[in-house]
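Q: Hi! Could you walk me through the sheet in this one, strand by strand?
A: Happy to, let's pull it up.

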Amino acid sequence: MTIAYLSRTFLLYLGMTGIIYTYYYSSRLKTAELQRALLAEQLTQTRMSVLKSQLQPHFLFNTLHSISSLIETNTKQAQNTLNDLSDLLREVIILREDHFNSLAQELYILQKYIDIILIRYYDHLTITTHIAPNIEDTPVPLMMMQPIVENAIKHGFTGNTNALQIEISIIEKDEQLLFEIKNNGTPITSTLDELASKGSGLHNIISRLEALYQNNYSFEIVNLEQWVVVSIKILRYQNDVLQD
């Protein structure tokens with residue numbers, strides 16, 4: 001009698017345990033699938049936002065005007081600028097299934113944008129970069145840096161700024177990548193939440209960082225002496241939710 005009772009109790013325990021584990025893993029799988037879908041949507045929005053900014057009439061007009069002006073005075077630079085524009089648009093348009101890119105490839109895309117924009121602001125804009133050694137292969141969120149630099153230029157030239165300086169620094173510390181993009185343009189007067197609510201680009205970047213790294217990231221925009229500083233910290237490894 002006692003053995004039969006214990007057997008039924010044990011079988012009931014196994015059954016309940018199986019149900020609990022099935023629910024747990026089913027819920028986890030569903031959460032992972034929803035997160036992948038959200039990230040895919042955010043990545044598409046990022047690509048479209050960047051593409052839209054590069055296809056805006058003023059950007060294309062200014063770039064093509066610069067190329068036209070250079071044809072007679074500096075044919076080689078005109079060809080290089082046209083190649084930079086072509087490469088930049090191709091990188092944005094090409095569909096990628098991965099949410100990450102190597103840091104080296106992200107810097108390649110960013111440099112294409114910088115080379116184009118410096119043609120327009122050659123006597124008003126200075127951009128310097130400092131990249132720590134041995135981190136080029138590190139995976140970073142796709143199309144994260146270029147929109148931030150673009151914002152720094154756009155908002156940096158508001159007000160009375162005539163000579164804009166932008167400094168980009170990426171270093172490694174305690175298994176984290178530390179990004180710092182600062183400019184000496186107009187100081188910010190809004191909070192991060194207010195800035196993010198004004199445009200989809202910044203909001204999208206923060207949302208993607210939260211989905212990719214959960215609580216293992218930070219994103220700040222502050223005024224520091226004569227600089228407006230964007231600071232980002234991310235882990236050097238990917239969120240396992242995205243792994244197969």
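A: A term to begin with: two strands pair if DSSP finds at least two bridges between them. Strands (E, at least two residues) and helices (H or I, at least four) are DSSP runs, numbered from the N terminus. This is a predicted model, where local features need pLDDT of at least 70, side-chain atom pairs count only at pLDDT 80 or more, and totals for chains, interfaces and linings use all residues. Residues are numbered from 1 along each chain as its sequence is written, and side-chain values use heavy atoms, with hydrogens and water left out.

Q: Great. How many bridges join E4 to E5?
A: Eight, with strand E4 (residues 164-173) and E5 running antiparallel. Within that pairing, Glu167 stands opposite Lys182 of E5, and Ile166 stands opposite Asn183.

Q: And what about the turn in the hairpin of E4 and E5?
A: Two residues sit between the strands, and Asp174 in this hairpin takes a positive phi near 55°.

Q: Which strand does E5 pair with over eight bridges, besides what you just told me?
A: Strand E7 (residues 227-235), again in the antiparallel sense. There, Ile181 has Val230 of E7 as its bridge partner.

Q: So what's the order of the strands in the open sheet?
A: The five strands go E2-E4-E5-E7-E6, with mixed pairing. The edges are strand E2 (125-131) and strand E6 (217-224), each pairing on one side only. From one strand to the next, the twist averages 10° (axes are lines fitted to C-alpha atoms, for helices over the stretch in contact, and angles run from 0 to 180 degrees between N-to-C directions).

Q: Is E5 mostly covered or mostly open?
A: Mostly covered: six of the eight residues in E5 (176-183) are buried. Buried means under 20% relative accessible area, exposed over 50%, and partly exposed in between (1.4 Å probe, protein chains only).

Q: Which helices lie across E2, E4 and E5?
A: Helix H4 (residues 103-120) does, at about 165° to E2. Helix H5 (residues 145-156) lies across E2, E4, E5, E6 and E7, at about 150° to E4. Contact here means heavy atoms within 4.5 Å.

Q: Switching topic: where is Asn134, and what is its phi?
A: Asn134 is in the loop between E2 and strand E3 (139-141), and its phi is near 65°, a positive value in a residue other than glycine. Asn134 is exposed, at 68% relative accessible area.

Q: And Glu225, buried or exposed?
A: Exposed, at 75% relative accessibility. Glu225 lies in the loop between E6 and E7, with a positive phi near 55°.
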